Amino acid sequence: MKNIAVIFGGRSVEHEVSIITGMQIIENMDKTKYNPIPVYITKDGRFLSGESIKTIVAFKNSDFSQAEEVFFKPYAGDHNLYTIRSKKASILSKESDQVEIFAKIDAVFPAVHGTNGEDGTLQGLLEMVGIPYVGCGVMSAAVGMDKVTMKDVYKSHGIPMTQYTYFYRSDWQNNREEILKEAEKIGYNLFVKPANLGSSIGISKACNREELISAIDIAVSYDSKVVIEKAVENPREINISVLGYEDNLSVSACEEPVSIEKLLTYDEKYISGSKGGSKGMKGQKRKLPADLKEEVEEEIERLAKEGFKSIGASGVARIDFLLDKDKVYLNEINTLPGSISFYLWEPTGLKFSDLITRLIEIAEKKYEARKKNITSYDSQLLNKTSYGAKLQ
Ligand SMILES: Nc1ncnc2c1ncn2[C@@H]1O[C@H](COP(=O)(O)OP(=O)(O)O)[C@@H](O)[C@H]1O
Ligand SMILES: [Mg+2]
């Protein structure tokens with residue numbers, strides 16, 4: 001039986017969505033093969049674990065009194081999760097804090113959406129620990145998270161996107177007029193987005209200069225980097241998921257989220273559509289599979305694979321498209337999609353539990369392949385240098 005640490009929550013505006021994804025993964029993990037160990041990152045960044053946070057009840061009541069604080073040591077190859085317990089060495093001695101092994105972990109399943117989780121930071125910690133983990137590595141997670149860097153990479157791969165420009169908060173403070181001019185060169189209507197958020201937070205549509213200014217003011221309050229792009233008018237939104245790594249990729253069914261408003265808001269994505277809680281993105285209204293012309297669907301599948309591979313993604317990702325009639329634009333990649341987009345795989349015959357198993361197996365394969373990389377090189381460099389000799 002392998003111990004799989006499922007990490008969820010986190011310092012992100014998508015904290016609550018991540019709790020749902022974490023719970024879904026724990027619930028659906030194949031218990032004949034794996035023992036899920038919940039690791040909840042609080043909003044202020046503490047890691048908590050224990051049986052009491054394996055179900056949603058603790059989160060509904062915000063009761064973590066039974067949970068224990070845990071941590072990894074960032075030593076390569078130490079796969080233990082540790083905790084600190086107060087202990088008395090003998091009847092006579094005072095209590096002292098002792099570091100104890102909480103659990104030995106075989107692999108980690110990150111389920112933290114957005115900042116400090118989906119952006120390469122958590123992946124960086126896991127690289128230092130040197131443990132197999134599900135999903136994207138540091139670089140692909142970071143590229144996928146930053147809407148500007150993502151677009152720049154896709155542009156260099158010839159992937160069709162709407163025209164865009166970007167700037168920093170300090171540019172907005174110093175060069176307002178220039179930014180407005182640059183944006184108006186693209187032409188209304190425009191979408192203004194913080195570069196590094198998610199769940200539609202801080203995003204607005206602007207149809208004139210007045211709206212553009214207030215949209216930018218909102219976006220710069222969330223992020224120091226902002227992207228402005230051409231709006232697709234009355235687009236059809238089509239999402240698809242890609243699973244695998246390197247050349248070994250498969251694609252899911254396509255979904256068409258059904259929107260009441262033009263822009264899917266946070267509430268619409270996660271609250272108004274969901275019935276009975278713990279559904280996450282599963283609760284949203286959608287057409288699945290989407291009704292698409294064969295050649296449009298093929299184009300979406302091709303671009304989805306290209307979008308996945310070109311940033312070096314691995315595991316499972318959801319790639320979102322905007323359709324202007326038959327013209328396909330890639331909108332974004334989500335390298336840790338809500339509910340790990342299991343519902344897009346069900347029509348292909350892949351069950352949620354099998355998707356989780358596949359992802360853990362990919363993580364183990366990638367880890368083994370990476371271990372073969374040479375990380376030391378005997379150069380005799382230190383024998384040849386005289387730097388530091390004066391200190392003797
Ligand atoms: N260029 C665009 N044209 C039309 N609609 C857009 C455009 N960009 C974003 N949207 C709408 O806004 C929503 C949120 O934007 P998105 O880039 O997906 O950000 P997030 O990372 O917050 O999901 C999309 O699902 C879509 O409904
Ligand atoms: Mg989106």
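Me: Let me pin down the labels before I start: helices (H or I, at least four residues) and strands (E, at least two) are DSSP runs, numbered from the N terminus. With that settled, where is Ser341?

Reply: In the loop between S16 and H11. Keep in mind that this is a predicted model. Ile340 sits in the loop between S16 and helix H11 (342–345) too.

Me: What should I look at in the backbone of Ile340?

Reply: Look at phi. For Ile340 phi is near 40°, a positive value in a residue other than glycine. Ser341 isn't a glycine either, and its phi is positive as well, about 50°.

Me: Is Ser341 buried or exposed?

Reply: The cut-off for buried is under 20% relative accessible area. Ser341 has 0%, so it's buried. Ile340, with 2%, is buried too.

Me: And Asn334, buried or exposed?

Reply: Asn334 is at 15% relative accessibility, so it counts as buried. You'll find Asn334 in strand S16 (residues 327–334). Beyond its neighbours within four places in sequence, Asn334 contacts Glu118, Ala317, Arg318 and Asp320. S16 also turns up among the elements covering the buried residues of H4, along with helix H3 (121–129) and helix H5 (147–156).

Me: Which residues of H4 are buried?

Reply: A bit of helix geometry helps: an α-helix has 3.6 residues a turn, so residues three or four places apart point the same way. In helix H4 (residues 138–145) the buried ones are Ser140, Ala141, Val143, Gly144 and Met145.

Me: Over to cis peptides. Which residues does the one with omega of about 0° join?

Reply: Omega is the angle to check. That bond joins Leu288 and Pro289, and Pro289 lies in the loop between strand S14 (286–287) and helix H10 (294–310). The peptide bond from Tyr188 to Asn189 is also cis, with omega near 5°. Asn189 belongs to the loop between helix H7 (176–186) and strand S9 (190–194).

Me: Now the bigger picture: how is the chain divided?

Reply: Into domain 1 (2–133), domain 2 (163–230) and domain 3 (235–370). The C-alpha centres of domain 1 and domain 3 are 26 Å apart. Their contact takes 26 residues from domain 1 and 24 residues from domain 3.

Me: How do I put a size on that?

Reply: The size of an interface is often given as the accessible area lost when the parts come together. Between domain 1 and domain 3 the buried area is about 2,100 Å², and carbon and sulfur atoms give 63% of that.

Me: How many salt bridges are there between domain 1 and domain 3?

Reply: The count is 2. For a salt bridge the cut-off is 4 Å between the N and O atoms; Glu364 and Lys2 form one, with the closest N and O atoms 2.9 Å apart. Polar contacts between domain 1 and domain 3 come to 8 residue pairs. On the side of domain 1 that touches domain 3, H1 gives the largest share, 6 residues. By class, that side has 14 nonpolar, 6 polar and 6 charged residues.

Me: What does Ser18 touch?

Reply: Ser18 is in helix H1 (residues 15–28). Leaving aside neighbours within four places in sequence, Ser18 contacts Phe8, Gly9, Ala111, Val112 and His113. A polar atom of the Ser18 side chain lies 2.6 Å from the backbone oxygen of Ala111. Ser18 has a relative accessible area of 0%, so it's buried.

Methods:
Residues numbered from 1 in each chain as written. Chains lettered and ligands numbered in written order. Predicted model: local features only at pLDDT ≥ 70, side-chain atom pairs only at ≥ 80, totals over all residues. Heavy atoms only, no water. Buried < 20%, exposed > 50% of the residue type's maximum accessible area, 1.4 Å probe, protein only. Polar contact = N/O pair within 3.5 Å; in protein donor to acceptor, adjacent residues only side chain to side chain. Contact = heavy atoms within 4.5 Å. Domains from an automatic or database assignment. Buried area = accessible area lost by both parts, 1.4 Å probe. Salt bridge = Lys/Arg side-chain N within 4 Å of Asp/Glu carboxyl O. Nonpolar A, V, L, I, M, F, W, Y, C, P; charged D, E, K, R; others polar.
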